[in-house]
Amino acid sequence: MGVVAHARALVDAALAGDADAAGWVLIAGLAVLVAVGAAVQAATAASASARGAGEGARAGGAKDVAATGDRPPPMYSEGIPLLGNILAFMRDPLALVRRGHAACGGVFTIRIAHKRMTFLLGAAPHAVFFRATDEQLDQTEVYRFCVPIFGNGVVYDAPLPVRLQQFRLLSLSLRVNMLETYVPMMVSECVSFFDAWANDGEVELLEALSHLIILTASRCLMGREIRENLFGEVSRLLHDLDEGMQPLSVLAPYLPTPAHVRRDKARKELRAIYAPIIKARRAADAARAAGEAVPPAEDDMLQTFLESRYRDGRAMDDNEVVGLLVAALFAGQHTSSITSTWTGLELLRSPTQLAAALAEQDAVRASHGEELTYAALGAMDVLHRAMKETLRMYPPLVFLLRKVLSPRPVGEYTIPVGDVAIVSTQVSGRLPELFDNPDVWDPDRFAPGREEDRRAPFTYLGFGGGRHGCMGEGFAYLQVKTIWAVLLRTFELTAVGPLPKPDYGAMVVGPKGTTTVRYRRRVQRATAGTS
């Protein structure tokens, strides 16, 4: 579909009542107004600059800006002026970025509506992004679209000192001693889930593992009470929160679309569900502190938040507790379900890697016994590399964003204040200057002797990097490795059909189309009517 036809289809959809299309049309209209205003300002500034340059030249004092590296990155645009970039971004943002990289190199700017987006692709530009302080590149404004989901006063709606303390409190629940307590919960959920499968059959892997990920995450993170009594209701609310995070939400998070209305209602209901649970746990903590005979405290993230304190001694209030739980679940739910699915889809299509993974399970059983423990999972290097390679090729979050608060030199350019600096994990993960044969799924590129991720700092971005690297990396590896260890030990597995393509039209990128896998139990169970 051409640009003009795409624009017409968008307007037609808006006129037909499509709220998301209407939002995009509104943003495009605002972009035109902003661009016209900016053009007028630029023309005025250019005229004034020309007059000043003439006077400076006469005085012998002209400055060569380009020679000092003060010039901004090159602009990349395509299609109809003002609207071309917006329409291209809506169709396929990654394709637009790839074309920008091919035309301009590793540092360039694309104007989308009223925002200047400067992309940093490659190891050296990545270093500028990840080594910056929060006073230089800030997360707050660019991730403000998350506020309706996480809640007021939480994470990206909190002042920087408070946000950093919230991240610290979140990290307490992801320390090694806590991860060790989570493993039995993960194993129990996986065994119970797969026990419900028949002796043989076919499943849609993404659908199945998405459900399992919510089960394991709700037990480890959101609390036993939710998992045992309210799982169905909370899952529905989390789905509504998830559906309320659309590409349109990034530019207009409070536009009253149906998805946003359901999102806001779900957030209120979720807090109401947690209120009595938090109240009961606080009462039990007080009774325990008073020496009363009450059951021991739970080993989960909810309890960690209730016991944690800010540096001034203040406990988190109910809204902060629920907000951080939702943030933690959102950070891991999609990424783990999508990563576990892609890992399996590629592993089952690679006879060499599948054989290595099965042999590894035998070796771990011989050295650690049948029980899946934290130590046993840590010994599974083949599965670890398979997941790591999957995140290189299929990162669920394809863009990492920061607002530029002070000019950032990068090579021969300087990114101006006000730009949105962006690293694309997807585009960078497929750059041939960073990885050999980057479009080939090859976990052994991370094996001893090759270690392509160590060629330069910030080459591999599977879990981000720098001061804001993913705190849940250890949890994610445990979760995905537990799932696939149980699957490989329990079933013979075969991929069905071609490998699906990534769905780059989604906010969190997963497989597009079917993800069918055929399974057969290694040890057949007796069924009704057999003996």
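**Notebook: a helix pair and a five-stranded sheet**

I began with the contact of two helices in this predicted model, and listed the residues on each side: in α9, Leu205, Leu206, Leu209, Ser210, Ile213, Ile214, Ala217, Leu221 and Met222 meet Leu325, Ala328, Leu329, Gly332, Gln333, Ser336, Ser337, Ile338, Ser340, Thr341, Gly344 and Leu345 of α15. Sorting the residues of this contact by character, I counted 13 nonpolar, eight polar and no charged.

I then looked up the geometry of the pair, since two packed helices are described by the angle and the distance between their axes. The axes of α9 (residues 205–222) and α15 (residues 318–347) cross at roughly 145° and come within 9 Å, and I noted the crossing of α9 and α15 as right-handed.

Next I turned to the sheet. I found five strands in an open sheet with mixed pairing, and wrote down their order as β1-β2-β8-β5-β3. At the edges I placed β1 (107–112) and β3 (137–138), each of which pairs on one side only.

For one pairing inside this order I recorded the details: β5 (residues 399–404) runs antiparallel to β8 (residues 420–424), and the two are joined over five bridges. In register, phenylalanine 399 stands opposite serine 424 in β8.

Finally I checked which helices touch the sheet. Helix α4 (residues 93–104) lies across β1, β2 (115–120), β5 and β8, and I noted its direction at about 135° to β1. Helix α5 (residues 123–130) also packs on the sheet, where it touches β1, β2, β3, β5 and β8, and its direction makes about 130° with that of β8.

Key:
Residues numbered from 1 in each chain as written. Predicted model: local features only at pLDDT ≥ 70, side-chain atom pairs only at ≥ 80, totals over all residues. Heavy atoms only, no water. Axes fitted to C-alpha atoms, helices over the stretch in contact; angles between N-to-C directions. Helix = DSSP H or I, 4+ residues; strand = E, 2+ residues; numbered from the N terminus. Left-handed = near helix turned anticlockwise from the far one by under 90°. Contact = heavy atoms within 4.5 Å. Nonpolar A, V, L, I, M, F, W, Y, C, P; charged D, E, K, R; others polar. Pairing = 2+ DSSP bridges.
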